[in-house]
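Open the model in your viewer and keep the sequence panel visible. The tour below goes from one selection to the next and says what is found at each stop.

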Amino acid sequence: MTMSNNPQLNRNGELQHLLTTEGLPASILLNILDTAESFIGVTERDVKKVPLLRGKSIFNLFFEPSTRTRTTFEIAAKRLSADVVNLNIAASSQSKGETLLDTVNNLSAMHADMFVVRHSQSGAAHLIARHVQPEIHVINAGDGRHAHPTQALLDMFTIRHYKLDFHKLRVAIVGDILHSRVARSQIHALTTLGVPEVRVIAPKTLLPAKVGRLGVHVYHQMEQGLKDVDVLLMLRLQNERMLSARLPSAEEYFKYYGLTQEKLALAKHDAIVLHPGPMNRGVEIDSAVADGKQSVILPQVTFGIAVRMAVMSILAGN
Amino acid sequence: MKLVIKGGRVIDPQSQLDAIMDVFVAAGKIVGVGTVPVGFHANREINAKDLVVCPGLVDLSARLREPGFEYKATLESEMEAAVAGGITSLACSPDTDPPLDEPGLVEMLKHRAKGLNQAHVYPIGALTQGLKGERLTEMAELRDAGCVAFGQSDMPFTNARVMMHAMQYASTFGFGVWLRPQDASLANGGVAHDGEVATRLGLPAISVCAETVALSNIILMAKETGATVHLCRISSAEGVAMVRAARQQGLPVTCDVAANHMHLSEMDIGFFDSNCHLVPPLRGLSDRNALRAGLLDGTIDAVCSDHTPVDEDAKLLPFGEAEAGATGLELLLPLTLKWAAEMRIPLVAALAKVTMEPARILGIDAGHLSPGAAADLCIFDPDQYWKVEAAALKSQGKNTPFLGMELQGKVKYTLVNGNIVNQG
Amino acid sequence: MQLPDVEQLLANLARKIQPDIAANTALVGIYTGGVWLAKRLHRDLEITLPLGTLDVSFYRDDFGQIGLHPQVKPSDIPFEVEGSHIILVDDVLYTGRTIRAAINELFDYGRPASIRLATLIDRGGRELPVTAQYVGAELALSLDKMLALEKDIDGRLSLSLYNKNTP
């Protein structure tokens with residue numbers, strides 16, 4: 001029941017772990033974005049490495065399988081000259097009954113400097129951060145429905161790259177907010193960075209209770225929700241939603257909540273479209289939009305590597 | 001042995017007594033309250049100056065973990081914890097392994113408990129075989145073996161027809177039916193209250209509807225079958241309102257709340273504190289306030305500990321995976337005192353909620369200090385603070401949201417049948 | 001202590017570099033003071049190749065002690081490093097560690113034909129074998145003093161001396 005101080009910050013108020021965008025001051029978020037800016041230059045040259053994290057060991061602890069996210073973290077770590085170890089725990093120790101913390105303790109004994117953790121349960125990264133030795137930094141690569149801070153940060157980086165000033169924007173997040181760790185992290189980052197209007201657009205079955213308290217305006221219709229929007233953050237729809245009786249079919253979802261050229265036209269003419277990937281074409285987004293000129297989905301991926309390099313560097317240096 | 005408890009502040013809710021006086025015990029019974037019985041010569045004396053002397057506490061729900069869960073806790077440790085908490089009578093939950101659905105198991109449990117010579121144990125028997133909600137248990141046989149009422153613990157009925165028959169059958173014999181109002185399919189997979197905290201933390205949520213829909217079913221069926229129903233662990237404002245309305249319509253339903261829910265809300269989950277993973281979940285502040293008001297106005301009859309010792313490994317997991325429950329026998333008294341102090345309720349009224357009221361619900365002669373009653377007493381220092389930490393708890397369960405906090409109210413002596421079974 | 005006038009030093013420096021300027025000479029300034037100076041030299045010496053700027057934060061050897069500098073600026077080398085003749089420009093040459101980092105960083109862009117160093121002030125105190133080919137002035141300073149180049153609102157450059165550990 002102890003309400004401890006922010007578990008992400010050390011005594012000097014510096015970032016010790018990156019677990020969630022919630023509760024981080026704008027200065028820390030902006031510092032990550034600014035640092036990422038410098039790493040973009042690195043990713044554009046021939047030698048895409050800098051020696052910053054040479055000699056450091058970064059362990060990717062993926063309790064929930066994911067090739068994309070794990071790969072981007074691996075690339076980011078290697079570009080910082082760090083040593084990377086990938087562990088797909090889903091298969092091995094968990095099935096042998098080894099507890100989460102036992103796994104972490106065993107790995108700590110192997111002199112890890114940083115853990116990048118993905119887990120299917122909300123709060124897993126916080127639990128690990130509470131129990132690692134003080135020198136080890138933890139990055140949350142996604143825990144249950146709770147948070148995916150690096151994804152939100154790369155989305156913020158992308159928005160700033162194209163739109164420059166957060167204070168003038170109307171941003172809409174569309175899709176399964178209820179189950180989305182990306183959406184939660186995006187909402188906290190957007191409100192912290194001063195975006196004056198954040199909207200969520202979803203059917204009632206895909207919205208969490210009291211979501212308005214997070215500082216968002218709630219819409220159930222795309223037609224109203226997308227009007228005059230500058231940035232569209234699309235979320236992926238999982239098949240399970242039909243099975244758990246929250247939605248009847250992907251087809252009906254696409255008709256009312258999928259992003260088509262027509263619906264996109266309701267937003268500002270220079271609105272940008274983001275998606276964390278992987279996309280379900282024809283479910284939450286139309287191919288014409290995904291591949292169209294307003295889509296910034298591919299640049300998101302490049303920016304994602306720079307943002308993760310920034311996060312790792314800042315943590316390792318604190 | 002002839003014992004005199006001298007100079008304590010004697011509080012007996014049943015007779016509305018709250019005065020400094022002596023209490024006299026002989027042959028395991030109370031033989032005098034205030035007045036010395038003729039020819040009484042004490043051979044033992046307890047100095048109760050500045051202490052409160054009240055009936056031993058009656059706890060409506062404790063998981064003793066035997067049989068089946070001995071790695072979590074044993075009868076020895078938990079019975080010691082009970083008397084350390086000033087509890088002299090407790091009802092234990094049927095969800096042991098195997099569940100208490102066979103007379104033999106009940107007899108063995110009672111026998112084991114009796115042999116420890118500590119608190120009186122009143123088993124709640126399973127309503128259905130294996131608690132599966134399909135076939136009825138031999139309730140009459142179980143009553144003969146010692147069960148005082150029947151329930152399903154946390155295992156909800158999924159078949160309403162079976163629930164109705166269980167209530168009708170119990171009602172035939174006048175047996176009490178104890179039910180937790182939580183609809184299984186609505187609660188499905190949820191681990192926290194469907195409110196702002198679950199939304200922020202991304203925790204699968206349990207809507208208040210899970211409680212109110214189940215309550216509605218139980219109340220309607222109680223009316224229909226005439227069963228004597230006790231509702232276990234109310235958690236929401238709407239739930240309290242429904243119970244109040246049912247009572248106003250004359251339905252003889254009783255209701256309890258867990259001590260933790262009197263004080264805590266979803267906010268206390270903080271950064272995923274798994275000690276706050278409880279069933280039912282900690283709900284919003286307005287729900288908590290409604291529970292406190294409900295206990296005050298009598299809609300809620302009693303407070304219980306809902307004692308659930310959980311081993312450390314089962315709590316050191318992400319919130320949703322952590323086993324639900326909190327240790328509670330040793331916190332029932334201080335948490336009740338805390339509620340009384342915060343709501344400015346006189347001790348004589350507050351202590352009723354953990355003595356005479358739960359005794360009435362259990363249908364046992366306990367929770368009062370009348371001459372002739374069994375000498376089951378709790379003597380405590382209402383002002384003394386103690387720190388809730390592992391070393392201070394006798395229970396093997398150290399899992400409580402109050403870990404690390406200081407609470408007021410320290411049990412100094414506990415007597416069962418006139419014997420001092422705990423000295424703090 | 002009387003600090004030298006920056007304009008005079010710049011003129012000095014430019015005079016020394018001038019004879020060695022060729023069509024393929026490239027100037028690279030090290031943030032932050034070195035970039036201000038490099039911009040001036042680039043203009044005054046009429047260098048044809050575009051100006052390069054270098055932030056050495058990712059190549060420093062003290063990351064383990066002091067962590068990442070809070071304001072990393074993007075490095076920008078808009079010419080082909082492979083086979084180039086580069087003049088690195090910095091404001092104060094002291095231990096030589098910044099130059100070591102800058103050289104390492106340049107080599108991650110390609111293999112230059114030559115690198116020379118121009119510095120406004122050489123204050124001695126080298127900890128690595130680094131020499132500047134073009135020096136504005138030499139200044140002996142005690143270990144507790146820090147020397148920095150500053151720019152005021154109107155863009156005027158000046159030197160300022162302060163005690164180490166002064167916030």
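Start in chain A of this predicted model. Select strands 5 to 9 of chain A: they make an open sheet of five strands, in the order 7-6-5-8-9, with parallel pairing. Now pick out the edges, strand 7 (217-219) and strand 9 (272-274) of chain A, each of which pairs on one side only. From one strand to the next, the twist averages 20°.

Stay at the strand 7 edge and add strand 6 of chain A, residues 197-201. Strands 6 and 7 of chain A pair in the parallel sense, over three bridges. Which residue of strand 7 of chain A is the bridge partner of A:Val200? Selecting A:Val218 shows that partner.

**Two helices of chain A**

Next, select helix 5 (residues 149-163) and helix 12 (residues 297-317) of chain A. Their axes are 9 Å apart and the packing angle is about 120°. Since angles over 145 degrees would count as roughly antiparallel and 65 to 115 as roughly perpendicular, helix 5 of chain A is therefore oblique to helix 12 of chain A. The crossing of helix 5 of chain A past helix 12 of chain A is right-handed.

To see the contact itself, show side chains. From helix 5 of chain A, the residues to display include A:Leu153, A:Leu154, A:Phe157 and A:His161. On the helix 12 side of chain A, among those they meet are A:Phe303, A:Val307, A:Arg308 and A:Val311. Coloured by class, the residues of this contact between helix 5 and helix 12 of chain A divide into seven nonpolar, five polar and one charged.

**From chain A to chain B**

Bring chain B into view. Its contact with chain A takes 27 residues from chain A and 27 residues from chain B. On the side of chain A that touches chain B, select helix 3 (100-108), helix 4 (124-131) and helix 6 (181-192) of chain A, the elements that give two or more residues. Helix 4 of chain A has the largest share of that side, with three residues. By class, the side of chain A that touches chain B has 11 nonpolar, 10 polar and six charged residues.

Now show chain B alone. Its secondary structure comes to 14 helices and 18 strands. The radius of gyration of chain B is 21 Å, close to the 22 Å that the globule rule gives for 424 residues, so chain B is as compact as a globular protein of that length. Along its principal axes, the C-alpha trace of chain B spans about 65 × 50 × 45 Å.

**On to chain C**

Return to chain A and add chain C. This contact takes 16 residues from chain A and 15 residues from chain C. The side of chain C that touches chain A has eight nonpolar, three polar and four charged residues.

Within chain C, select strands 1 to 5, an open sheet of five strands with parallel pairing and the order 2-1-3-4-5. Strand 2 (52-54) and strand 5 (134-138) of chain C stand at the edges with a single partner strand each, so one side of each is left without a neighbour in the sheet. Neighbouring strands of this sheet are turned by 25° against each other on average, direction ignored.

At the strand 5 edge, four bridges join strand 5 of chain C to strand 4 (residues 114-122) of chain C, and the two run parallel. Zoom in on C:Ile121, whose bridge partner in strand 5 of chain C is C:Ala137.

Finish with two helices of chain C. Helix 2 (residues 33-44) of chain C lies across strands 1, 2, 3 and 4 of chain C, running at about 150° to strand 1 of chain C. Helix 4 (residues 97-107) of chain C also lies across strands 1, 2, 3 and 4 of chain C, and runs at about 155° to strand 3 of chain C.

Note on methods. Residues numbered from 1 in each chain as written. Chains lettered and ligands numbered in written order. Predicted model: local features only at pLDDT ≥ 70, side-chain atom pairs only at ≥ 80, totals over all residues. Contact = placed C-beta atoms within 7 Å. Nonpolar A, V, L, I, M, F, W, Y, C, P; charged D, E, K, R; others polar. Pairing = 2+ DSSP bridges. Axes fitted to C-alpha atoms, helices over the stretch in contact; angles between N-to-C directions. Parallel < 35°, antiparallel > 145°, perpendicular 65-115°, else oblique. Left-handed = near helix turned anticlockwise from the far one by under 90°. Rg over C-alpha atoms; globule rule 2.2 N^0.38 Å.
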